[in-house]
Each structure stands twice: as C-alpha cells, then as structure tokens.
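Colleague: I am new to this structure and would like a close look at a single part. Please take the largest pocket, then work outward from there.

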Amino acid sequence: DLERTQRRLALAESEADQDGLLPVLNRRAFVREMSRIMSFGDRYNLNASLIYFDLDGFKAINDAFGHAAGDAALHHVSRLLVGNIRESDIVGRLGGDEFGVILAKADQPQAEKKARLLSDLFLAQPFEWNGKPLPLSFAYGVHAFKKGEDADVALANADKAMYAAKRDKGAKPPSHSKQ
C-alpha cells in the first residue's frame with residue numbers, strides 16, 4: 001500500500017508541474033526550477049540564461065482555424081524547443097502563447113547564439129495545419145541571470161529584452177515569419 005501511495009503521489013506531483021496541454025513545465029514549475037538554477041549558479045559561480053519566446057499570430061490562427069489549430073501550433077513549438085535543447089536545459093509554457101527556455105551553463109552570448117539557432121530552426125520547419133503552412137511568427141528576448149537576482153526579475157528582464165527586440169526591428173523582427 002505504501003508503494004502504491006508513493007507512486008500515486010509522484011504521479012500527482014508530476015501532473016501538477018506539467019502544462020495542461022503540452023509536454024513542458026507549467027509556469028509555476030518553470031519558475032521554481034529557474035529559482036533553483038539561479039541559486040545553484042549564485043552559490044557555485046555558474047552562468048545560466050533565459051530565452052523568452054512570444055508567439056505572434058497565434059490569436060489569428062485560433063480565430064480563423066479554431067482552437068484545435070491553435071493547440072497544434074503550440075504543440076509544434078514545444079516539440080521544436082524540447083527536441084533541440086540539452087537535457088540539462090528546461091522548457092516551460094509561461095502563458096497562453098509564451099514559452100521560456102532555461103539554458104544551464106550558458107552566458108549571454110551563448111544564450112543569444114542558441115536563440116538564433118532555435119529561430120533558424122523555426123524558419124526551417126514552419127507550422128502546418130491540414131497540409132498548409134499557417135502564418136505564425138515569434139519574437140524572443142535573452143537574459144543572463146545575475147547574481148542575487150530573483151526569478152520574477154529575471155523573467156521581467158527577458159520579457160523586456162523581447163519587447164525591445166521587437167521595437168528595434170519595427171515591431172516585427174527578431175520575429176521570424178513561418179509562412
């Protein structure tokens with residue numbers, strides 16, 4: 001009985017940490033893991049960074065093609081992210097169409113390089129619905145964790161970096177069109 005209870009508890013904990021739709025962490029679990037990695041980095045003087053992705057055109061896909069298409073778009077993005085990071089890195093869904101990637105042992109230049117590589121991958125593998133490519137673009141911001149910084153501040157800084165990148169490129173790039 002004890003073993004069965006422990007298995008059920010482990011399953012419940014796992015389900016509480018996973019996004020309800022996607023095979024990635026939910027925001028609560030992502031922020032918890034980010035805090036843990038930040039504390040570890042502070043203690044052992046290790047770099048880590050955050051990439052904050054925001055999908056553009058997501059609402060238009062939901063409105064024009066229905067929520068099943070929107071869900072498929074989110075699955076497409078999460079598969080690309082999860083399939084193209086190291087095991088030590090972490091992917092989470094931060095909101096409806098926002099994702100975060102925590103890169104362990106990665107400073108700002110390394111994280112920016114990884115963000116560009118992921119960006120190129122999104123362009124090379126556009127989202128398709130019923131055999132047709134649908135317009136879905138994204139923007140990203142990169143933030144290297146600073147000693148003593150908390151997770152909420154790091155998320156806000158990555159979000160600011162993403163919006164600054166949008167402004168610098170005329171409210172589009174570094175958004176990358178996936179048509």
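Modeller: Start with the make-up of the pocket wall. By class, the lining of the largest pocket has five nonpolar, three polar and three charged residues. Keep in mind that this is a predicted model. The space in this pocket comes to about 170 Å³. Now the names. From helix H2 and its surroundings in the sequence, the lining takes in Ile-37, Met-38, Gly-41, Asp-42, Asn-45, Leu-46, Asn-47 and Ala-48. Phe-145, Lys-146 and Lys-147 also line the pocket. H2 gives the largest share of the lining, with four residues.

Look next at two of the lining residues, Asn-45 and Leu-46. Asn-45 sits in the loop between H2 and S1. Leu-46 is in that loop too, between helix H2 (27-44) and strand S1 (48-56). How exposed are they? Asn-45 counts as exposed because its relative accessible area is 68%, and the cut-off for exposed is over 50%. Leu-46 has 33% relative accessibility, so it counts as partly exposed.

Asn-45 also has a backbone feature to check. Its phi is positive, about 55 degrees, although Asn-45 is not a glycine. Most residues other than glycine have a negative phi. Asn-130 is another case, with a positive phi of about 50 degrees, and it is not a glycine either. Look for Asn-130 in the loop between strand S4 (128-129) and strand S5 (132-133). Asn-130 is exposed, because its relative accessibility is 65%.

Leu-46 has a second role to follow. Together with Phe-40 and Tyr-44, Leu-46 makes a nonpolar surface patch. The patch covers about 300 Å². So Leu-46 belongs to the patch because it is nonpolar and its relative accessible area is over the 30% that a patch residue needs. Leu-46 is also among the residues that line the largest pocket.

Now stay with H2 and turn to charges. Arg-32 forms a salt bridge with Glu-33, and their closest N and O atoms are 3.4 Å apart. Arg-32 is partly exposed because its relative accessibility is 36%. Glu-33 has a relative accessible area of 16%, so it is buried. This pair does not stand alone: salt bridges that share partners join Asp-17, Arg-28, Arg-32, Glu-33 and Arg-36 into one network.

Two further salt bridges deserve a look. One pairs Asp-19 with Arg-93, with the closest N and O atoms 3.0 Å apart. Asp-19 lies in the loop between helix H1 (2-17) and H2, and Arg-93 lies in strand S2 (residues 90-95), so this pair ties together parts that are 74 residues apart in sequence. Both Asp-19 and Arg-93 are buried.

The other joins Arg-4 to Asp-1, and here the closest N and O atoms are 2.5 Å apart. Asp-1 is exposed because its relative accessible area is 71%. Arg-4 has 44% relative accessibility, so it counts as partly exposed. The full count comes to nine salt bridges.

To find your way back, return to Leu-46. It is in the loop between H2 and S1, it helps line the largest pocket, and it shares a nonpolar patch with Phe-40 and Tyr-44.

Methods:
Residues numbered from 1 in each chain as written. Predicted model: local features only at pLDDT ≥ 70, side-chain atom pairs only at ≥ 80, totals over all residues. Heavy atoms only, no water. Patch = residues over 30% accessible without salt bridge, like charges linked within 9 Å, V, L, I, M, F, W, Y side chains within 5 Å. Areas by Shrake-Rupley, 256 points an atom, 1.4 Å probe, with all protein chains shown as cover. Salt bridge = Lys/Arg side-chain N within 4 Å of Asp/Glu carboxyl O. Helix = DSSP H or I, 4+ residues; strand = E, 2+ residues; numbered from the N terminus. Buried < 20%, exposed > 50% of the residue type's maximum accessible area, 1.4 Å probe, protein only. 1 Å grid on protein atoms, 1.4 Å probe; cavity = no way out; pocket = protein on both sides within 12 Å on 5 of 7 lines; lining within 4 Å. Points joined across faces, edges and corners; volume = space filled by probe spheres on them. Nonpolar A, V, L, I, M, F, W, Y, C, P; charged D, E, K, R; others polar.
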